[in-house]
Amino acid sequence: MAVGVRLAMVALVVAGLCAGLVASSGAPPAQDPPTNDVCLTCHGDPGATSAAGRSVAVDETRFGGSVHGSMAMACVDCHTDLAATEDFPHAERLARVSCSTCHSDAVAAYDLSSHALARRQDTASVAATCVDCHTAHEIRPAADPESTTYALNLPTTCSRCHGSADVIAAGRIAIGNVGAAYADSIHGRAISRSGLVVAATCTSCHGAHDIRPGSDPGSRVHRANIPSVCGACHEGIERVYETGAHGVGVTSGIAQAAVCADCHTAHDIQRAEAPAWQLDVIAECGTCHTDQIRTYRDTFHGQVTSLGYTRVATCASCHGSHAIFASDDPRSMISSTRLLTTCQQCHTEATEGFTGYDPHADKHNRERNPELYWASRAMTWLLVGTFGFFGLHTLLWLPRSALARREKRRARAAAPETTADPEA
Amino acid sequence: MSNSGSDAVFIRRFDAFDRVLHGVLMFSFLGLAATGLPLIFSEETWARALARVFGGFVVAGWLHRVCAILLIGLFTVHLTRIGRRIIVGRRFDLLWGPHSMVPQPRDVRDLVQHVRWFLGRGPRPRFDRFTYWEKFDYWAVFWGMAIIGGSGLLLWFPEFFARFLPGWVFNVALLVHGEEALLAVGFIFTLHFFNGHLRPEKFPMDTVIFTGHVTTEELEEDRPAEYERLRATGQLEALRVPPAPPWLERLGRTVGTIAIVIGLSLVGLILYAVLT
């Protein structure tokens, strides 16, 4: 049915174009527009190049297999400026093909994108246009496994630029080589290793044509929109997340409230079970919760994770991950009613008294941890006192000891007979 | 420095039991320091590398506990031995006097006199069997055993101790375990090393703790009060021992060198972490 509709659309467009041409010229065309065979006389040669040496070859078979070829569209349907040409070979430069004649919605969406923006700002920009992603003559529907925009092929297509150091440098793409980051992510591996067509690709998060910068509130990847974008697949997580402090923060307009990408990263998303990620995410929590990360690093938990081992409690072990609640909320894992159970996940023998330990104790905070504060002060003075006293003691001893050694040697050298013969 | 001639006369200072205990103390202390320091400096690259060297944090943790048991064990053995000597052997001179480790007025006088000597304002004090800095080293181990050992046990069995101790005790235990360990490690690996081994008169090391004996010449120079007393009471001859076998001297120098190198390396890592 879809093909039928498209054919009808193309027929209409072609008819419209012809009508337009007739109207503008005011006279019937002198002859029929050139057929594809005419074009392929030259362009069918695989070695055909422009004067500048660029390949202008068109593979007839592959064009035939493309969505436009299968609709029996003529070359001049896109290269409209050649429809009335009689003189071949035609002029070197052709008018830019306008896809919007048929694909007005897609082009309108594209016009809002970062790609279009970059081209408007810099005429020399290499930002993607339609053909960069879709190809020119071999365009296939996204559902076609041979299409450049098919789920399993799309990351490769986008990575032609977003995985290319040259393009990233030329385009001053701040986020860098996201192609490589994505390829190593759980989504990228699902595509490349598991061939999982339902795994998120670039367009799943960024959209296809209206890929807008994250700073644009209308962007799918704007902070406030990220939970719903991820939630399109991870619906269960989104539902839980919305109830937690971060989710509530986002819906109530707090811009800093952590969204999915803050903890999971945008492109380099790893399996939640991966130890390396579990350790990395501690630092992510710490980018906002600075006091908590500092006091956590003072504890055994924080020291062991800092050494690179996940056997001890990380942030999520005690606070949860997607639905984190304030400690006075009964749903919180660290609320007074649930704290012991939380500790018992690891410390199975823990009793109520065990929960009196402060896992975020601050030795500088006299109000919160008076005992620790004074213990810390006492230890500091003990260390300063001991090292100060004996340090000075040693500093004074060192030169005197050196002198004593020299004196002893001199005495020995002066009277070798006496030491050798005690009877004398 | 103890072998100053083939005709040197050797006097026993430490018996085999004490030397073995000191050896176990060295081993366990170095082990505790090397496996514990990575936690205190967990954000340093060297700490991660050191933890990996010990086979990861879990293995390092168990090595730390094994060394702790060893240290607590030798501490108990030492206390038992001293207790038996005093009570069963009626050696009350171990509680006061030149054979005692108990600090006495003489130690304060010696300290003052020693500092005067450092400054060239008087003669060197006439030390007896145990000097004031040796006594400090000795009692520091007691203090360390109580503070580090006690807090260590709290942290080893928190579930048990939390049945009757308030939660803040564990916060304090964690802090003092680390800080006191830094004090102990810093003290032993710099000041004890200097006082006992690295100072110019003893450089590179004093092997008495490995061989157990000193020459009469050395004794007379370092501890004239003891030398005079032994000579006056005629005990000098009773304490005379044959020279240590060469293998023991070599073993002592090897073990001592390894310990000093490890200790100073750890101090270097600590300083690097603190200063950067």
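Colleague: Let's begin with burial. What share of the 424 residues of chain A count as buried?

Modeller: In this predicted model, 25% of the residues of chain A count as buried. For chain B, with its 276 residues, the share is 32%.

Colleague: How should I read the overall form of chain A, and why is it described as more spread out than a compact globule?

Modeller: Start with the radius of gyration and set it beside the value from the globule rule. For 424 residues the rule gives 22 Å, but chain A has 36 Å, so chain A is more spread out than a compact globule. The box filled by its C-alpha atoms, taken along the principal axes, is roughly 135 × 70 × 35 Å. Chain A has 24 helices and 0 strands.

Colleague: And what does the rule say about chain B?

Modeller: A compact globule of 276 residues would have a radius of gyration near 19 Å, and the 21 Å of chain B agrees with that. Its C-alpha atoms fill a box of roughly 60 × 40 × 40 Å along the principal axes.

Colleague: What can contacts between residues far apart in sequence tell me about each chain?

Modeller: Take the contacts between residues at least 6 apart in sequence, and ask what part of them join residues at least 24 apart. In chain B that part is 73%. In chain A it is 47%.

Colleague: How confident is the predictor about chain A, on average?

Modeller: The average pLDDT of chain A is 89, and 91% of the residues score at least 70. Do look out for residues 12–26 of chain A, where the pLDDT is below 50; this stretch has 7 contacts in the model beyond near neighbours in sequence. Residues 419–424 of chain A also have a pLDDT below 50, with 3 such contacts.

Colleague: Now the interface. How many residues of chain A are in contact with chain B?

Modeller: A general idea helps here: interface size is often expressed as the accessible area that is lost when the parts come together. Here we can count residues instead: 42 of chain A are in contact with 38 of chain B. On the chain A side, the elements giving two or more residues are helix H20 (300–307) and helix H23 (370–414). H23(A) gives the most, with 19 residues. By type, the chain A side divides into 20 nonpolar, 14 polar and 8 charged residues.

Colleague: Is H20(A) mostly covered or mostly open?

Modeller: H20(A) is mostly covered, with 7 of its 8 residues buried. Among these buried residues are A:His301, A:Val304 and A:Leu307. The buried residues pack against helix H18 (275–288) and helix H19 (290–297) of chain A, and also against H1, H2 and H3 of chain B. Just after H20(A) comes A:Gly308, which has a positive phi, near 105°.

Colleague: Which residues have the most contacts inside the largest nonpolar core?

Modeller: In general, nonpolar side chains of soluble globular proteins tend to be buried together. The largest nonpolar core here has 42 residues, and those with the most contacts inside it are B:Ala33, B:Leu175, B:Val176, B:Val185 and B:Leu266. H20 and H23 of chain A each supply at least two residues of this core, as do several helices of chain B, including H1 (16–40) and H11 (246–275). H7(B) gives the largest share, 13 residues. For a closer look, B:Leu266 is in contact with B:Ala33, B:Ala34, B:Leu37, B:Val185 and B:Phe189, leaving aside neighbours within four places in sequence.

Colleague: Why does B:Leu155 count as partly exposed?

Modeller: Count its neighbours: B:Leu155 has 14 C-beta neighbours inside 10 Å, and therefore counts as partly exposed. A residue would need 20 or more to be buried, and 12 or fewer to be exposed. B:Leu155 is found in helix H5 of chain B and touches B:Ala173, B:Leu174 and B:His177, not counting residues up to four places away in sequence.

Colleague: Last one: what is the strand order of the open sheet in chain B?

Modeller: Strands of a sheet pair through backbone hydrogen bonds, either parallel or antiparallel. The open sheet has 3 strands in the order S2-S1-S3 (chain B), and the pairing is antiparallel. Its edge strands are S2 (213–215) and S3 (240–241) of chain B, each pairing on one side only. Strand S1 (residues 10–12) of chain B pairs with S2(B) over 3 bridges, and one bridge joins B:Ile11 to B:Val214.

Conventions:
Residues are numbered from 1 along each chain as its sequence is written. Chains are lettered from A and ligands numbered from 1 in the order in which they are written. This is a predicted model: local features need pLDDT of at least 70, side-chain atom pairs count only at pLDDT 80 or more; totals for chains, interfaces and linings use all residues. Two residues are in contact if their C-beta atoms, placed from the backbone, lie within 7 Å. Helices (H or I, at least four residues) and strands (E, at least two) are DSSP runs, numbered from the N terminus. Ala, Val, Leu, Ile, Met, Phe, Trp, Tyr, Cys and Pro count as nonpolar, Asp, Glu, Lys and Arg as charged, and the others, Gly among them, as polar. pLDDT is the predictor's confidence in each residue, from 0 to 100. The radius of gyration is taken over C-alpha atoms; the globule rule is 2.2 Å times the number of residues to the power 0.38. A nonpolar core is a set of buried Ala, Val, Leu, Ile, Met, Phe, Trp, Tyr and Cys residues joined through C-beta atoms within 7 Å. Two strands pair if DSSP finds at least two bridges between them.
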